[in-house]
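Me: Please set out how the assignments in this model are justified, with each term tied to its cut-off.

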Amino acid sequence: MKNMKKRIAAIMTTACLAVTMLTGCGKGSSSDGKPASAGELNIFVWTEYVPDSVIKAFEDETGIKVNVSTYSSNEDMLAKVKSESAGAYDIVLPSDYMVEQMIGQDMLAELDFEKLPNFKNIGDSFKNPAYDPGNKYSVPYLGGACAIAVNKDKVDKEIKSYADLFDPSLEGKLVVLDDFRAVIGITNKACGYDLNETDKTKLDETGKKLMELKKNVVLYDSDSPKSALISGDCDAGMIWSAEIALAMEEVPSIEVVYPTEGALIFQDNWCVTKEAKNYDNAMAFIDFMMKPESMVMVLEEFPYMCANTEAVKMMGDAYSSNPAKNPPAEAVAGGTYVGNLDSDVLEIYSEMWTKLKE
Amino acid sequence: MTKEKSKHNFRSDVLPKLVTVGPVTVLLLCLVLIPLILVGVMSFCRTDEYYNVVYKFTFTNYAKLVSPDYLKIYMQSLVIALLTTVMCVLVGYPFAYIIARTRSRKKKLLYMLVIIPFWTNSLIRIYGWRTFLGNTGWFNKLIMAIGISKEPIEFLYKTGTTVFGMVYCLIPFMILPLYTAIEKLDDSLLEASSDLGAKPVKTFFEVIVPLTASGIFSGSIMVFIPCLGYFFVSNILGGGNTDMIGNLIERQFKSANNWPLGAALSIILIVVTLLLVKLYQKLGGDMDDLGV
């Protein structure tokens with residue numbers, strides 16, 4: 001018995017040593033062969049949005065070490081950036097309304113377009129957005145719509161609009177984003193109101209309508225909503241368009257539907273935080289991400305709507321003609337962004353969300 | 001202490017005290033007391049239009065806590081926590097009993113079986129269950145292969161699944177105190193009981209259970225309390241449909257960005273915890289068994 005214990009102890013020690021040695025190796029090899037002076041870059045991005053391969057390519061090209069952290073909602077990101085020490089993140093990737101909010105709170109640094117020559121690749125329709133006039137603080141990355149996914153083999157009802165998702169026949173079959181602005185927004189739409197409705201009597205109606213949706217939704221997931229569709233745990237849902245595209249590749253009977261009410265659309269943007277410690281590296285990264293070649297790598301993994309016209313050309317027809325990957329122009333034109341609300345209205349939204357989740 | 005000066009070579013007892021108790025005190029101050037005070041202070045604050053915390057005194061956060069919606073969620077959490085605790089006792093007791101009463105080398109092995117799952121992050125294990133229990137998961141494949149059901153059974157995203165996940169995560173906290181209590185059982189008492197003609201069932205309920213009650217109590221406390229806060233289990237296995245107090249707190253600190261309200265909710269959770277521990281003490285529980 002004693003011998004046994006000794007042996008186990010020896011094995012454990014060796015294992016520990018081996019592990020520490022391995023980590024040593026890892027660190028050694030990654031810093032080898034790169035200029036030591038290139039420094040670091042801390043980026044804070046959406047989950048399932050920026051492929052590792054592109055980050056690796058950037059590291060190889062510039063020698064800058066990139067530390068990636070991820071979030072799954074704009075509000076999470078805002079809370080984290082505020083609570084971390086100043087300058088913990090150099091780059092963030094907020095959506096439209098959040099860019100506006102962060103500009104309002106003086107959290108973003110102005111971009112230096114001298115260092116961003118690849119900005120020329122961005123399509124004109126994506127430049128100069130209402131949430132950041134003149135692109136002073138942001139350049140567009142990817143976007144898309146909160147579209148409807150339907151598994152045609154399992155759902156008989158024809159689904160054309162957000163309102164159809166409230167149909168009793170879909171009880172216990174839906175996956176929706178775990179995002180209160182999106183879920184309440186589409187409920188507003190289904191009632192015939194504005195996505196960012198502020199009228200309190202109308203919001204009362206929305207609140208009642210939301211209870212119909214409660215019966216239908218079994219899963220709230222923003223991290224990887226496609227998984228439940230692919231595994232067959234859910235048959236329909238309101239999720240990001242590219243997640244639908246990826247689900248379609250796995251399960252051919254899944255289709256994408258752009259709602260007749262006009263979809264909730266979003267555009268995510270590269271921004272640099274006010275307190276960024278590695279401003280020049282951040283500029284290099286953003287410029288790298290606007291190269292058509294980099295965006296092609298991104299789109300192959302995460303086929304969202306792309307602001308980079310040159311990259312779209314390189315992707316060819318398989319991307320452009322797929323409505324889930326490249327939303328049709330009329331769907332985008334008829335879409336609405338999430339807008340910033342006053343805190344008293346936001347409170348009503350928050351209460352509705354609590355009711356939905358209780 | 002001062003009277004025992006002659007026993008050691010220090011002129012004063014300040015240095016030894018500082019060295020021995022100091023680090024722990026500093027650690028506790030920095031990591032427990034100060035954050036706790038911060039939470040307490042924040043719970044009386046408000047937020048501005050950009051959700052920044054403004055240090056102005058208000059009771060509104062506490063007023064919000066008694067809204068019917070929140071009360072419903074508290075009730076729901078308490079029910080789920082209670083169910084989890086009962087399940088843990090029912091499943092954990094026989095297992096702890098077997099480990100404690102095994103006198104062979106298997107004992108170590110059985111004990112390890114409880115500990116080993118701890119080596120993997122519980123989040124990963126819960127995601128594992130989600131894949132395993134899904135409509136096209138292995139469990140349903142097995143059920144259909146054996147012929148129990150022709151259609152896949154929908155296990156996921158129900159309150160029952162949440163309870164299952166909680167039991168799975170928390171059962172070691174029940175088994176370990178139970179094990180300690182059962183281990184202490186005096187064999188001669190059991191012999192006496194059977195000598196006096198008690199059937200095994202009677203011995204169990206009238207001798208063994210009362211003698212191990214402290215283990216059941218402390219196990220229950222250690223399961224019940226974390227259960228209120230394990231928001232990820234209800235998010236992943238429950239599909240985010242049935243909120244618990246933990247989910248409410250998480251949401252206030254993340255997506256809703258209302259830290260003062262989140263702080264007030266945390267204070268409530270702390271108060272509930274303290275009340276439960278107090279109750280445990282009143283009922284004669286030993287604080288050492290809780291490991292606190």
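Reply: A:Ala147 stands opposite A:Ile239 in strand S8 of chain A. The model is a predicted one, in which local features need pLDDT of at least 70, side-chain atom pairs count only at pLDDT 80 or more, and totals for chains, interfaces and linings use all residues. Residues are numbered from 1 along each chain as its sequence is written, while chains are lettered from A and ligands numbered from 1 in the order in which they are written.

Me: What makes strand S5 of chain A and S8(A) a pair?

Reply: Two strands pair if DSSP finds at least two bridges between them. Strands themselves are DSSP runs of E with at least two residues, helices are runs of H or I with at least four, and both are numbered from the N terminus. S5(A) (residues 138–151) and S8(A) are joined antiparallel over five bridges, so the criterion of at least two bridges is met. Strand S6 (residues 174–176) of chain A runs parallel to S8(A), with three bridges; there, A:Val176 has A:Met238 as its bridge partner.

Me: Why is S8(A) called largely enclosed?

Reply: A residue is buried if 20 or more other C-beta atoms lie within 10 Å of its own, exposed if 12 or fewer, and partly exposed in between, with C-beta atoms placed from the backbone. Five of the five residues of S8(A) (residues 236–240) are buried, so the strand is largely enclosed by the rest of the structure.

Me: How do you know that helix H5 of chain A is largely enclosed, and what covers its buried residues?

Reply: Eleven of the eleven residues of H5(A) (residues 180–190) are buried, so the same conclusion of being largely enclosed holds. Among the elements covering them are S5, S6 and S8 of chain A, together with helix H14 (343–357). Contact here requires C-beta atoms, placed from the backbone, within 7 Å.

Me: Why is the largest nonpolar core said to lie between two domains of chain A?

Reply: A nonpolar core is a set of buried Ala, Val, Leu, Ile, Met, Phe, Trp, Tyr and Cys residues joined through C-beta atoms within 7 Å. The largest has 164 residues, and those with the most contacts inside it include A:Cys146, A:Ile244 and B:Leu170. Domain 1 (2–143 + 266–320) and domain 2 (144–265 + 326–356) of chain A both contribute residues, so this core lies between them. The domain bounds come from an automatic or database domain assignment.

Note on methods. Two residues are in contact if their C-beta atoms, placed from the backbone, lie within 7 Å.
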